[in-house]
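Me: Could you take a close look at one part of this structure for me? I'd like to start with a single spot and then see how its surroundings fit together.

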Amino acid sequence: MNIVVLVKQVPDTAAERALSEGDHTLDRENTDLVLDEINERAAEEALTLKETTDAEVTVVSMGPDSALDAIRKVLAMGADRGIHICDDRLQGADVVTTARVLAAAVRTVADVDLVLAGNAATDGQASAVPAIVADLLGLPQLTHVRELGLDAGRVRAERETESGEATLEAPLPALVSVTEKINEPRYPSFKGIMAAKKKPVATVGLDDLFPDDTGVLVSRTRVVEAVPRPARAAGIRVTDDGSAGRQLADHLIARKLV
């Protein structure tokens, strides 16, 4: 069995994030970057399946040189090989272009049985790339999955909805996107970290993935202005002298909140 995991390097949510002054895209030089946590869970699910099905796991990521760190982490967790899509022309790519490029990279892996991804990236939260990739590859898609199993050439998944639970099933090959409830990712061992340095990672660009068509429309939108988030202002403290309730009501009324 061949499994492909799609991963992304994103800004650390616990650190300050910065945008470049030119095009307002992420300033990677001044922002702490990490492997997206939801992608770690997708990778963990792939590695769990590898242990029970003797699968080969390929990790795919699109991004600049720094994205190699995200690939290496998944390799340290236990994946077998990586594909790094690195091309300066892809800076600021929208979800459609991202999906198109990822789908092209998946096609370079022979006999793919399962594609795994997180349901939404922490930075963009579009929650659309997995579905678009599935459509481009002509695969059935099982999205927002919290429990996954394989049996007799079929994938079976459980999804939690607002009204209850749903069971999804499809034949392989298929694409599955997972939620944060699917598992708890393993930590790379020292042995795994050392082994990851020797595992193969192929670096490809647009010319490699689209040899007959390099006119990729990177983004259909652009940010024309961005301003820093304002500092949090001090709140209003109400001393209860018997009129606190009235003061609070007046405050809410003045701001048309009630």
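**A loop residue and its surroundings**

Reply: Happy to. Ser127 has a relative accessibility of 32%, so it counts as partly exposed, since that class lies between the 20% limit for buried and the 50% limit for exposed. Please keep in mind that this is a predicted model. Ser127 sits in the loop between β6 and α4, and its phi is near 60 degrees, a positive value in a residue other than glycine. That deserves a second look, as most residues other than glycine have a negative phi.

From this loop we can step back to β6. The strand β6 belongs to an open sheet of seven strands with parallel pairing, in the order β7-β11-β6-β1-β4-β5-β12. At the edges stand β7 (141-145) and β12 (201-204); each has a single partner strand, so one side of each is left without a neighbour in the sheet. From one strand to the next, the twist averages 20 degrees. At the β12 edge, four bridges join this strand to β5, and the two run parallel. One place to look is His84, whose bridge partner in β12 is Thr203.

Now for the helices around the sheet. Helix α1 (residues 37-53) packs on the sheet and touches β1, β4, β6 and β11 (174-178), with its direction at about 150 degrees to that of β6. Helix α2 (residues 68-77) lies across β1, β4, β5 and β12 and runs at about 165 degrees to β5. The buried residues of α2 are Ala70, Ile71, Val74, Leu75, Ala76 and Met77. Just after α2 comes Gly78, with a positive phi of about 140 degrees.

Helix α3 brings us back to both sides of our loop. What covers its buried residues includes β6 (114-118) and α4 (129-137), along with β1 (2-7), β4 (56-62), β5 (81-85) and α6 (206-209). Those buried residues of α3 are Thr97, Thr98, Ala99, Val101, Leu102, Ala103, Ala104, Ala105 and Val106. At the start of α3, a side-chain oxygen of Asp94 comes to within 3.3 Å of the backbone nitrogen of Val96. The length of α3 can be checked too: at 1.5 Å a residue, its 13 residues (95-107) should span 18 Å, and the end C-alpha atoms are 18 Å apart, which agrees.

Two further spots are worth a visit if backbone geometry interests you. Lys256 has a positive phi of about 55 degrees although it is not a glycine, and it is found in the segment after α7 (244-254). With a relative accessible area of 76%, Lys256 is exposed. The other spot is the peptide bond from Leu172 to Pro173, which is cis, with omega near 0 degrees. Pro173 is found in the loop between β10 (164-171) and β11.

To set all this in the whole protein: there are seven helices and twelve strands, and buried residues make up 40% of the 258 residues. Among contacts between residues at least 6 apart in sequence, 70% join residues at least 24 apart. Along the principal axes, the C-alpha atoms fill a box of roughly 70 × 45 × 40 Å.

Key
Residues numbered from 1 in each chain as written. Predicted model: local features only at pLDDT ≥ 70, side-chain atom pairs only at ≥ 80, totals over all residues. Heavy atoms only, no water. Expected span 1.5 Å × (residues − 1). Buried < 20%, exposed > 50% of the residue type's maximum accessible area, 1.4 Å probe, protein only. Contact = heavy atoms within 4.5 Å. Polar contact = N/O pair within 3.5 Å; in protein donor to acceptor, adjacent residues only side chain to side chain. Pairing = 2+ DSSP bridges. Axes fitted to C-alpha atoms, helices over the stretch in contact; angles between N-to-C directions.
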